[in-house]
Every structure is written in structure tokens, then in C-alpha cells.
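Q: I'd like to learn how to read a model like this one, feature by feature. Could you walk me through it?

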Amino acid sequence: MHFDTFHNHCHGRNPAQALRKIGDRLGHVHISGSERMTPGTDKIDWCRVRQGLEAADYRGAVVLELFGPETRKAIPAIAAGFPRSLRCDTSVEVTCYTLERAGIIAPLSE
Amino acid sequence: MSSSLQLPFGVMSLVDGFWVNAKLLRRLRTLCVTHGATACEVPYPGLRLQDPIESICTFCVQAGILNLSICHFFGDGMPNPQVAGEQEAALSSLRKAIDFASAVGATKVVGPLGISIGQPGTLEGATAFLKRAVTFAEQASITLCLEYLRPEEDKVFLAAVV
């Protein structure tokens, strides 16, 4: 099963509970902020995401699903629905910092 | 706080544009190397490369990608699984994505169902669709990861795959 933090948030589900329920069926994870905002500037509790990933004993990669300005130009529906956008490298940097702080990925300095 | 899970991370090519062409791959390579990403995901429908297999394999080596995934709707667009022609077209499209994933060394094809769940009879149709898709995936040693967008899709997945 493929878990996406943005879609989970749309359902109003606690990510820790949702991931615990999925358990060992978890095969892939997308990281995207609420309202497709950059994680760290959004409303998702990333510590709960971490708790859920740990409960599911997930050891795979987490993939950042971030829509930079170029993508928003190519897919107008995304731009219309979620107008806030950071430059792609800034967005990745902020997301990595957020995930590091939440204990999901390793600090880049390690 | 407990210790870090230290999971590897990756980026979707969508971070820098939808169409996966040579220019995007160059920028994506820089992005991955700069941030230490060892995973990457590219949309199969977005590939715009002269030699997609060679280009993606070269990108993975140069960017240090260890974990590649291919995303694709499990059903191209929104096929009606009750209409045989549309289901066959969707299966054919998904099979191409599975074959591509296998050729470039990816282990997963990921994505949402792309079927209009909630329409009369579609749950059964979607279940049948997934069962057939899983057969292709198993033959190619590819894992299909169904992204749930709606609670109904959880039921489809649980009924069809688990």
C-alpha cells in the first residue's frame, strides 16, 4: 500500500493511526504538506508521521512529492488549487529540515 | 524524542516539472546530489526522452539513486472498468509502465487507482482489474503500491491484493 501524507490529511486522519493500521502492507510513502504546501510550512504533525512509520516498521525510502513552480505551470489545476510555491531547491531543503527535526530522515551532516 | 528512523529519502521529478526530458534530468541530478537523496520517482506518462531506459539508468548512476520507483495511474486516466475496451487499454498502459520499471531496475510501480470508485459496479470491476495487473507485476518482479485517495480504495486493495 502506498501512503501519502497529503491525501491522508485531506481525510482528517491521524497519520500515526493510519500508518499503524496499514502496518506491514506499507510499501511506499509520499511526503507532501497539507494543501500541497512545503512540509514545515503546513499543518501536518510530522512527529505523528514518524510515530506511524515506526509503528509500521517501515524501512523504505520516503519520497518528497513537491510541486515546484515549473510543475505548477505545466499542470494549471495544481497552481489553481494550491497557489503557494517555493523554488524547488528551497522546498526540498525546508522539507528535509522538517523531516530531520521530526526524526524521519537522517541529518545530512551524518 | 526517540532516535531518528534515518530513512532514506528521495524526490519526485515533479518537483522540477512534469515532463521528464534531458534538461529536467540534469537539474534533478544536481538536486539529488546536493541534498543527498538516494531515491527518486518519475512518472511514466511524463517521459519525454529519446531513449528512456538508457537515460533513466544513466541518471540513476550519476545521481547515486539506489531506490527508483515509477509512478503511473493504475488505469490510464479514468477508465470505466465495466467497459471491456477501456479496461484492456488501461491494463496495456499499466503493463508498459511495469515493463519499463523492470528494464530500469525499479522495484515498484506506485500510484492511485484512477478508476471512478463509487459508480455502480466499479468496486468489482476495479478488483478484477487489479488482480490482472498483479499477475503482470509478479512476472516482472515488480511490486504494485496502490495509493489510496479515498477510503473505498482501501477496500479494493484489501480485497484484490492482500
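Q: Let's start with strand pairing. In which sense do strand S1 (residues 2-4) of chain A and S2(A) pair, and over how many bridges?

A: Keep in mind that this is a predicted model. Strand S1 of chain A pairs with S2(A) in the parallel sense, over 3 bridges. To find the register, look at His2(A): its bridge partner in S2(A) is His28(A).

Q: And which strand does S2(A) run parallel to over another 3 bridges?

A: That's S3(A), joined to S2(A) by 3 bridges, again with the strands running parallel. Here the pair to look for is Val29(A), which stands opposite Val62(A) in S3(A).

Q: Which way do the side chains of strand S2 (residues 28-31) of chain A point, and are they buried or exposed?

A: They split into two pairs: His28(A) and His30(A) point one way, while Val29(A) and Ile31(A) point the other way. All of them are buried, the two histidines included.

Q: Now helices. How do I describe the way two of them pack?

A: Two packed helices are described by the angle between their axes and the distance between the axes. Try helix H2 (residues 15-22) and helix H3 (residues 46-55) of chain A: the angle is about 15°, and the axes are 7 Å apart. Angles under 35 degrees count as roughly parallel, so H2(A) is roughly parallel to H3(A). The crossing of H2(A) past H3(A) is right-handed.

Q: Which residues of H2(A) and H3(A) meet there?

A: From H2(A) come Pro15(A), Ala16(A), Ala18(A), Leu19(A) and Arg20(A). They meet Arg48(A), Val49(A), Gln51(A), Gly52(A), Leu53(A) and Ala55(A) of H3(A). By class that gives 7 nonpolar, 2 polar and 2 charged residues.

Q: On to chain B. What pattern does chain B follow along the sequence?

A: Reading along, you get β-α-β-α-β-α-β-α-β-α, built from 5 helices and 5 strands. Of its 162 residues, 43% count as buried. For contacts in chain B between residues at least 6 apart in sequence, 77% join residues at least 24 apart.

Q: How many residues does each chain give to the contact between chains A and B?

A: Chain B gives 35 residues and chain A gives 34. On the chain B side, the elements that give two or more residues are helix H1 (22-35) and strands S1 (9-12), S2 (39-43), S3 (67-71), S4 (108-112) and S5 (143-147). That side has 20 nonpolar, 11 polar and 4 charged residues.

Q: What pairs with S1(B) from chain A?

A: Strand S3 (residues 62-64) of chain A does, in the parallel sense and over 3 bridges. Within that pairing, Val63(A) has Gly10(B) as its bridge partner. S3(A) is also the strand joined to S2(A) by 3 bridges.

Q: Last one: what should I look for in the backbone angles?

A: Most residues other than glycine have a negative phi. Gln6(B) isn't a glycine, yet has a positive phi of about 55°. Ser141(B), also not a glycine, has a positive phi of about 55° too.

Q: Where do Gln6(B) and Ser141(B) lie?

A: Gln6(B) sits in the segment before S1 of chain B. Gln6(B) counts as partly exposed, with 14 other C-beta atoms within 10 Å. Ser141(B) is in the loop between helix H4 (122-139) and S5 of chain B, and counts as exposed because there are 10 C-beta neighbours inside 10 Å.

Methods: Residues are numbered from 1 along each chain as its sequence is written. Chains are lettered from A and ligands numbered from 1 in the order in which they are written. This is a predicted model: local features need pLDDT of at least 70, side-chain atom pairs count only at pLDDT 80 or more; totals for chains, interfaces and linings use all residues. Two residues are in contact if their C-beta atoms, placed from the backbone, lie within 7 Å. Helices (H or I, at least four residues) and strands (E, at least two) are DSSP runs, numbered from the N terminus. Ala, Val, Leu, Ile, Met, Phe, Trp, Tyr, Cys and Pro count as nonpolar, Asp, Glu, Lys and Arg as charged, and the others, Gly among them, as polar. Two strands pair if DSSP finds at least two bridges between them. Axes are lines fitted to C-alpha atoms, for helices over the stretch in contact, and angles run from 0 to 180 degrees between N-to-C directions. Angles under 35 degrees count as roughly parallel, over 145 as roughly antiparallel, 65 to 115 as roughly perpendicular and the rest as oblique. A crossing is left-handed if the near helix is turned anticlockwise from the far one by less than a right angle, and right-handed if clockwise. A residue is buried if 20 or more other C-beta atoms lie within 10 Å of its own, exposed if 12 or fewer, and partly exposed in between; C-beta atoms are placed from the backbone.
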